[in-house]
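Reader: I'm in my first year and still learning to read these pictures. Could you pick one part, look at it closely with me, and then show me what surrounds it?

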Amino acid sequence: MKRVLVTGAGGFIGHHLVSYLKKKRYWVRGADLKRPEYEPSAADDFALLDLRRWEDCLKATDGIDEVYALAADMGGMGYISAHHAEILRNNSLINIHTLDAARRNGAKRYLYTSSACVYPEYRQNDANVTALKESDAYPAQPQDAYGWEKLVTERLCTHYREDFGLETRIVRFHNIFGPLGTWDGGREKAPAALCRKVSVAKRSGNHEIEIWGDGEQTRSFCYIDDCVEGIHQLMRSDHNEPLNLGQDRLVTVNELADMIATVAGVKITMKHVAGPQGVRGRNSDNTRLREVLQWEPQISLEEGLKHTYLWIDRQVRAAELGGASESLKKLSSGGRRASA
Ligand code: NAD
């Protein structure tokens, strides 16, 4: 039985990945600063560790054959655009130490989770953007420190493979969403934030929701089940260059909000307010993904949003039933917004 480590196993994608790998009969260790918030982990061993620390990374990678490196200080656009120094520092420490500890402990394979945020700002100034292919990352000019750090760790993985023979894999996610992800508190991303706002609007009877900017900024969104399937397929493949993993259907944030309202069965009005929006447009070119994996994400945005909305609606209802009227007021207000 292969022994694998999932870092960031207390987070959204890491938690789903642990469940997926357990179903595939791996022995799984999860490592994170915290346990998953919404249900217990399926991991055989769950280690509470701070992976910025070298000693903790040695403990996490001890006796491990393959590492899925997902731990990161991250959040939606509101968080990423306001914490450059912390994100660059924390994620650099996590990634340098985890990668080196994996090598020292004799791991054979290492998959690093990079991001569409590595792509240069100058290719994403138009809402009707040309989909981004992997080679578009250079000449480099990511918008935020988050993207710069991802780009440097991609290089680090490549050099560890070339210099030390550690088989590294690099995946660039494009907006992953689904149930069991952060939905309030300030780190949530656009699909979760919009599901929460629509749910609160429906329950309160005030059908107006706030959208950052004019809402005409565009993105593609990929459902979590496709994400974990793609991660595993990439780990098993021979492909060691960066690979996009996302959907290639471009929608505006306004369209996304309308789709969620349709799922909820409510008519909403949108109030456009000032707020960080990230790049104007971003889409995934999946040509290489199809070539390498002979596969691409299968689950439609509508289907994914249905599962996500129903789960977030239950969380909002639970907060309501818990008598958290103050927190519900905050849920609908600007203090807890996030956007793509
Ligand atoms: P998440 O925030 O839900 O999970 C990240 C986890 O890392 C959290 O549980 C956090 O506690 C943990 N972590 C942070 N600092 C740590 C530390 N010092 N030691 C140990 N654990 C620590 O995020 P996610 O959406 O699950 O993202 C997983 C990975 O995918 C990240 O590397 C992220 O940058 C990347 N990514 C995600 C998306 C997306 O759309 N969700 C898009 C692009 C890239």
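Author: Let's start with a ruler for helices: the expected span of a helix is 1.5 Å times one less than its number of residues. Keep in mind that what you're looking at is a predicted model.

Try the ruler on helix H7, residues 224-236. H7 has 13 residues, so its span should be 18 Å, and its end C-alpha atoms are in fact 19 Å apart, which agrees. Helix H10, residues 301-321, gets the same kind of check: its 21 residues should span 30 Å, and the end C-alpha atoms sit 30 Å apart. Now for the part I'd like to zoom in on, helix H5, which runs over residues 145-164. With 20 residues, H5 should span 28 Å, and its ends are 28 Å apart, in agreement with the ruler.

Next, which residues of H5 are tucked away? Its buried residues are Ala145, Tyr146, Gly147, Glu149, Lys150, Leu151, Thr153, Glu154, Cys157, Thr158, Tyr160 and Arg161. Notice that charged names such as Lys150 and Glu154 turn up in that list. The cover over the buried residues of H5 includes helix H3 (77-80), helix H4 (84-104), strand S5 (109-115), strand S6 (167-173) and strand S11 (242-245). Just after H5 comes Gly165, with a positive phi near 75°.

Let's pick one residue on this helix, Leu151, which belongs to H5. Its relative accessible area is 4%, and buried means under 20%, so Leu151 counts as buried. Setting aside neighbours within four places in sequence, Leu151 touches Val118, Ala137, Tyr138, Ala140 and Pro142. Glu167 is 16 residues away from Leu151 along the chain, and their C-alpha atoms are 18 Å apart.

H5 also takes part in the ligand site. Along with helix H1 (12-23) and S5, it supplies at least two residues of the shell around the ligand. Of the 26 residues surrounding the ligand, the closest are Ile13, Asp32, Tyr146, Lys150 and Ile176. You've met Tyr146 and Lys150 already, among the buried residues of H5. S5, one of the elements covering H5, gives the most to this shell, with three residues. Sorted by class, the shell has 13 nonpolar, seven polar and six charged residues.

What about atom-to-atom distances at the ligand? A ligand nitrogen is 2.9 Å from a polar backbone atom of Leu51. A ligand oxygen comes within 2.8 Å of a polar backbone atom of Ile176, and an oxygen of the ligand is 3.4 Å from an N or O atom in the side chain of Lys34. The protein covers 93% of the 820 Å² of accessible area that the ligand has on its own.

Tyr146 leads us to another residue, Asp73, in the loop between S4 and H3. Apart from neighbours within four places in sequence, the contacts of Asp73 are Tyr79, Glu86, Ile87, Asn90, Asn91, Tyr146 and Arg187. With Arg187 there is a polar contact of 2.9 Å between the side chains. Asp73 has a relative accessibility of 9%, so it counts as buried.

Strand S4, residues 66-69, holds another buried charged residue, Glu66, whose relative accessible area is 2%. Leaving out neighbours within four places in sequence, Glu66 is in contact with Lys2, Arg3, Val4, Leu5, Tyr26, Arg109, Met235 and Arg236. Met235 brings us back to H7, where it's one of the buried residues, alongside others including Ile224, Cys227 and Leu234.

For contrast, look at Asp44, in the loop between strand S2 (27-32) and strand S3 (45-48). Asp44 has a relative accessible area of 40%, which makes it partly exposed. Not counting neighbours within four places in sequence, Asp44 touches Lys22, Tyr26, Trp27 and Val28. Its side chain makes a 2.9 Å polar contact with the side chain of Lys22 and reaches the backbone nitrogen of Val28 at 2.7 Å. Notice Tyr26: it's on the contact list of Asp44 and also on that of Glu66.

Key: Residues numbered from 1 in each chain as written. Predicted model: local features only at pLDDT ≥ 70, side-chain atom pairs only at ≥ 80, totals over all residues. Heavy atoms only, no water. Near = heavy atom within 4 Å. Polar contact = N/O pair within 3.5 Å; in protein donor to acceptor, adjacent residues only side chain to side chain. Areas by Shrake-Rupley, 256 points an atom, 1.4 Å probe, with all protein chains shown as cover. Helix = DSSP H or I, 4+ residues; strand = E, 2+ residues; numbered from the N terminus. Nonpolar A, V, L, I, M, F, W, Y, C, P; charged D, E, K, R; others polar. Buried < 20%, exposed > 50% of the residue type's maximum accessible area, 1.4 Å probe, protein only. Contact = heavy atoms within 4.5 Å.
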